[in-house]
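Notebook open, coffee at hand. Today I want to see how the ligand sits in this protein, and then what the record says about the chain.

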Amino acid sequence: MKLYDLELSGNCYKVRLFAALAGIDLEIVPVDFLGGAHKRPPLTDLNPWGELPILVDGERVLRDSQAILVHLAGSYGGAAWWPAEAPLQAEIVQWLSTAANEIQNGPASARLVDRFGYTLDKADTLARAARILPLLDAHLADHDWLAIGRPTIADCAMYPYVALAPEGGIDLAPYRHIARWIERVRALPGYRAMPGT
Ligand SMILES: N[C@@H](CCC(=O)N[C@@H](CS)C(=O)NCC(=O)O)C(=O)O
């Protein structure tokens, strides 16, 4: 299986992290992102969106880190990582959606501005972060893990851009339950870091 990858991308890191935790072998293919390789063939033949990560598993080609997590967990992770019961799957998917929406448009976008010079509305990204981080902290006050009482791809999807929030100028110090969850994720067997976490 090939993962078309950018080391500094939290979206790519979600996939690398889960593969490391679940012991799934990935061939990492670094992409010349600054050179725009993801915006032209052959990569746009794999993902016309012009985004990373991209997973190629045999004949199957997948874009979007959340979708890739579901594929890897469901196909190769076993029931521990992707339960068969739809209500449990739905509990996990709630957090995948939060990662792709509130976290992507909040702390992840704040980091895009500060770290990579994207011309986004920084005040808007901070306002979104200021809404979602207290909600996340409150959830973690009485949950060790985001969904179904154990580590899942929900944690893998949420962790990167929450842990990287300081790179967007967001202080995580007020969020002590988030801080303890970050430590729990880091202590998982097989955990793999990325620059900035
Ligand atoms: N929803 C997608 C978003 C992917 C995405 O935006 N990836 C960034 C890298 S982190 C990208 O390739 N952006 C293209 C660009 O900025 O040119 C996912 O979760 O994978």
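Entry 1, the site. I started with the pockets and found that the space taken by the ligand is the largest one. I keep in mind that this is a predicted model.

Entry 2, the neighbours. Which residues come nearest to the ligand? I counted 14 residues around the ligand, and the nearest are Lys39, Leu52, Asp64, Ser65 and Tyr118. Sorted by class, the shell has six polar, five nonpolar and three charged residues.

Entry 3, polar contacts. I looked up Leu52 and Asp64 again, since both were on my list of nearest residues. Leu52 uses its backbone: a polar atom there is 2.7 Å from a nitrogen atom of the ligand. Asp64 uses its side chain, with a polar atom 2.7 Å from a ligand nitrogen. Gln66 also brings in a polar side-chain atom, which lies 3.1 Å from an oxygen atom of the ligand. How much of the ligand does the protein bury? On its own the ligand exposes 510 Å², and the protein buries 79% of that.

Entry 4, the record. I then turned to UniProt, where the entry is unreviewed and gives "domain: GST N-terminal" at residues 1-80. In the model I find this span to be 38% helix and 20% strand, with its end C-alpha atoms 21 Å apart. The unreviewed entry also carries "domain: GST C-terminal", covering residues 85-197. Here I read 65% helix and 0% strand, and the end C-alpha atoms lie 33 Å apart.

Notes
Residues are numbered from 1 along each chain as its sequence is written. This is a predicted model: local features need pLDDT of at least 70, side-chain atom pairs count only at pLDDT 80 or more; totals for chains, interfaces and linings use all residues. Side-chain values use heavy atoms; hydrogens and water are left out. A residue is near a molecule or strand if one of its heavy atoms lies within 4 Å of it. A polar contact is a pair of N or O atoms within 3.5 Å; within protein, one must be able to donate a hydrogen and the other to accept it, and residues adjacent in sequence count only if both atoms are side-chain atoms. Accessible areas come from the Shrake-Rupley method with a 1.4 Å probe; for residues, only the protein chains shown count as cover. On a 1 Å grid over the protein atoms alone, a cavity is a set of points where a 1.4 Å probe fits but cannot get out, and a pocket is an open set with protein on both sides within 12 Å along at least five of seven lines; lining residues have an atom within 4 Å of a point. A molecule sits in a cavity or pocket if more than half of its atoms lie within 2 Å of its grid points. Ala, Val, Leu, Ile, Met, Phe, Trp, Tyr, Cys and Pro count as nonpolar, Asp, Glu, Lys and Arg as charged, and the others, Gly among them, as polar. UniProt positions are given in the numbering used here, feature names are shortened, and annotations may be inferred rather than shown by experiment. Helices (H or I, at least four residues) and strands (E, at least two) are DSSP runs, numbered from the N terminus.
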